[in-house]
Structures are given as C-alpha cells and as structure tokens.
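Please look over the sequence and the model below before reading on. The report that follows starts at the ligand and then turns to the chain as a whole.

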Amino acid sequence: MVSFLDKRARAAFKEGFEFSDELGPLKVIHVYEPSVNLKAILVVDNIAAGPSIGGLRMAEDVSIEECFRLARTMTFKNAAAGLPHGGGKAVLFGDPKMPKENKEQHIRAMANALRQTEDYIFAPDMGTDEECMAWVKDEIGRVVGLPRELGGIPLDEIGATGWGLSHATEVALEYCDCELQNSRIVVQGFGAVGKHVANFLTQKGAVMVATSDSRGAIYNPNGLNVAKLMEIKSSGGQVGDYEDAEKLKREAIIDIECEIWIPAARPDVINKDNVARLKAKLVIEGANIPVTHEAEKVLANKGVMCVPDFIANAGGVICAAFEYRQASEAQAMQAIEEKLRRNVRLVLEDTLKRKILPRQAANDLALQRIKKAMSYRRYSLFSTAPRFV
Ligand code: NAD
C-alpha cells in the first residue's frame, strides 16, 4: 500500500512539473470543496510583467494540460499586447448550464478559495459571463469583465474580442491579396466571440456563408443574416433554428470553401487529421489554441495565412486591462484597434522578412517582451515587492 502511494505521489509530482520551463508556470493550484462539489484548477503561469489576467472557464472536459496551455497563451497574449499583466487561467469542472443557484455557489466558493492568490485576476471565459464576475467581485473584489452597473466594460456585450479580430482580418487581408468586400467568411462557434466578429466583418462588406454552434452547422452560399442569427441565439435558440440555410453536421463547417475561416469555439479543432479539408486563404484564430502547431505548418505550406490566437484575439484582455485601470469603453476600443493593427502588421512583416511561420514571429515578439520584464526581477518568476500585485 505504502509503496503504491509512494509511486502515485512520485508520478503526481512528476506530472505536476511536466510543463515547467524557463517561463513557468509559477503556480498550479487544485481547488476542492466537497460541500458544494467544487473541483477546479488555477494555473498562474508567468507574472513578470504584473499580476496575471486570464479567464475562468467552466467546462466538463478540460485537462490540466489544456489549462496550462491556455495560461501560457495568456502570458504571451498579454506580453504581445504590451499590457502590465502576466498570464493565468482557471478551470472550474462542471456543466456551465447547471441551475443558476448551483453555478453561483460554485463560483462564489471558487473566488473564496483563491482570496489570497493575489497574482491572479479573475476574468470571464467560456461558460462564465459578466454576472459570474459580479459574484466574484462581491466575494473578493479582484476581477475584471464586470457588468456596466458595477463600473465594468462588458467586453462580451460590446464584442471587444470580435472588434479586435475584425481589425486583425483587415490588416491580414493585405498580405493575402484579397479584399474584405464580398469575401466569404466562415465562423465556427457563433458565441460571444464568433457573433461579434461576424457582425463587424459583415458590416464592412464580408458575407458570412456558414457558422456553427455545439449542436450543428448551417450554410447558405448567398450569405446568412447575422442580426437574425444573433436574435435566435439570444432568445435561447441554436444556429440550426435559422430557416434559410442548409443544415449540416457540426464538423462539416471545416469543408466550407471561403476566403476567411474563423475558429471561435474550442481548442485543437484544426489538426493534422482534418487540416487538408480546409479551403480558405486566411485563418484568423478567434478561439485560443484552435489550430495545432502541426496544422499551422501544413497551412503555411499550402499558402494559407494564419494569424495566431494570442495576437488576433487579444481584444478581450486589452479591454479587461483597461477596465482594471478604470478607462472608458471608447478608450478601450481605440486601444484594441491600434494594438491589434500594429501587432498583426509586425508579425506578418517579420514572417515574410525572415521566411518563418507567423506563430514563430508572434512567439518571438512576445518572448522578447516577457524576457525583458523577467530581467528586471531578482527571481525570474515571482516578485516579493509590496503591492506588486
Ligand atoms: P462562448 O461560450 O460564448 O461561445 C462558444 C460557441 O462555440 C458557442 O456558440 C458554442 O455552442 C460553440 N461551440 C462549442 N463547441 C463547439 C464545437 N465543437 N463546434 C462548433 N461550435 C462549438 O465562448 P466565447 O467567449 O465566444 O469563446 C470562444 C473561444 O474564444 C474560446 O476558445 C475562448 O477561450 C476564446 N476567447 C474568448 C474571448 C472573449 O472575449 N470571450 C477572448 C479571447 C479568446
């Protein structure tokens, strides 16, 4: 028995550090509270630039590895966007559609469990929203992405990430010899990110020919009415309830030919097994880690431009960081536009100049900034300075 436990403990210890490298993660915290059946993980990756900001995700099927990868993405995203924040991510295991009183109990308990973890600032993510952040605010105060009534800039309501993605798309199109006007877009995941990027891009002349949600996909080569779809979704419907379109299986969205393909749902949706099916000129990564690195290489070899996640979808966190400093909504939206346009151009110019993958150019841009921030510290990952966080 003892040796079994020893073996298990050794394995767990090893497992806990298998992602460690020179950048982090600084902390991996398991949160367990049996009285409300709360099981959660927090990964604080790197806080050299300041306290970490990263979403609280509620889902039933997220691994520690995924949580770590998402936290690392936030480190890179915040650094690339020039924000005084490091990266973190929290995952609460559970069905985000559970009864509201249970969800509130889970989120309030989670906030309390992390009361002292001052190097992590809560933010919304898949399965959580502004109301959830208001519960966190009520418990511990350290949170962004609040409802307007509490002084927040409701980033999902105003579509901060979609706004940034629309600017990323416009700049990237210049490098694809393609115009936005009449370009066909496909959006996988018509949620907070997907619906807003669809809205901003179609307002500027693009045509959304297909979209999907967790239940299925729809396709109309003549275009889908984005406002109508937003109405259907906000009244609790599925994209499949939209009438004037062909109904398809969820995964069929990958096969729809278009100029711009925007993943805005789950990680690893484009991978080595399905990347050959993608027929687009440009992929704008709206979701976090939606395309595996292997698949990104395949796309580059096929001449498909791919704007990496942490560059393209930084709009939400820029908005959150501005809210944290009590800036106005207009200042946040302007900063998103400026930062996104500048960063996409920097990354794509470097990609062409050095004949490297956009991912490499984006990593180098972020890494340079993270390393500089780390060089100012006595210890590489944490700071003991008063009021640092
Ligand atoms: P959301 O929950 O509002 O929307 C997700 C949408 O994807 C829903 O419509 C859901 O039905 C759909 N979906 C889920 N699984 C699917 C599947 N397998 N196929 C097709 N559709 C599927 O979440 P969101 O806030 O829009 O976030 C989407 C992605 O964007 C996540 O990866 C998130 O981490 C990332 N992201 C979000 C923000 C933000 O500001 N909300 C910022 C940056 C990145």
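## The ligand and its surroundings

In this predicted model, a polar backbone atom of Val193 lies 2.8 Å from an oxygen atom of the ligand. The table sets this contact beside two others.

| Residue | Part of the residue | Ligand atom | Distance |
|---|---|---|---|
| Val193 | polar backbone atom | oxygen | 2.8 Å |
| Ser214 | backbone N or O atom | oxygen | 2.9 Å |
| Arg250 | side-chain N or O atom | nitrogen | 3.4 Å |

Taken alone, the ligand exposes 820 Å², and 85% of that area is buried by the protein. Two or more residues of the surrounding shell come from each of helix H5 (155–158), helix H7 (192–203) and strand E7 (207–213). The shell holds 24 residues, of which Arg57, Thr161, Ala192, Val193 and Ser214 are the closest to the ligand. By character, the shell residues divide into eight nonpolar, nine polar and seven charged.

## Helix H6 and the whole chain

Helix H6 covers residues 160–174, and because a helix is expected to span 1.5 Å a residue, its 15 residues should span 21 Å, which agrees with the 22 Å between its end C-alpha atoms. This helix is mostly covered, since 13 of its 15 residues are buried.

The chain as a whole has 13 helices and 12 strands. Its radius of gyration is 21 Å, close to the 21 Å that the globule rule gives for 389 residues, so the chain is as compact as a globular protein of that length. The C-alpha trace spans about 60 × 50 × 50 Å along its principal axes, and 56% of the 389 residues count as buried.

How values were computed:
Residues numbered from 1 in each chain as written. Predicted model: local features only at pLDDT ≥ 70, side-chain atom pairs only at ≥ 80, totals over all residues. Heavy atoms only, no water. Near = heavy atom within 4 Å. Polar contact = N/O pair within 3.5 Å; in protein donor to acceptor, adjacent residues only side chain to side chain. Areas by Shrake-Rupley, 256 points an atom, 1.4 Å probe, with all protein chains shown as cover. Helix = DSSP H or I, 4+ residues; strand = E, 2+ residues; numbered from the N terminus. Nonpolar A, V, L, I, M, F, W, Y, C, P; charged D, E, K, R; others polar. Expected span 1.5 Å × (residues − 1). Buried < 20%, exposed > 50% of the residue type's maximum accessible area, 1.4 Å probe, protein only. Rg over C-alpha atoms; globule rule 2.2 N^0.38 Å.
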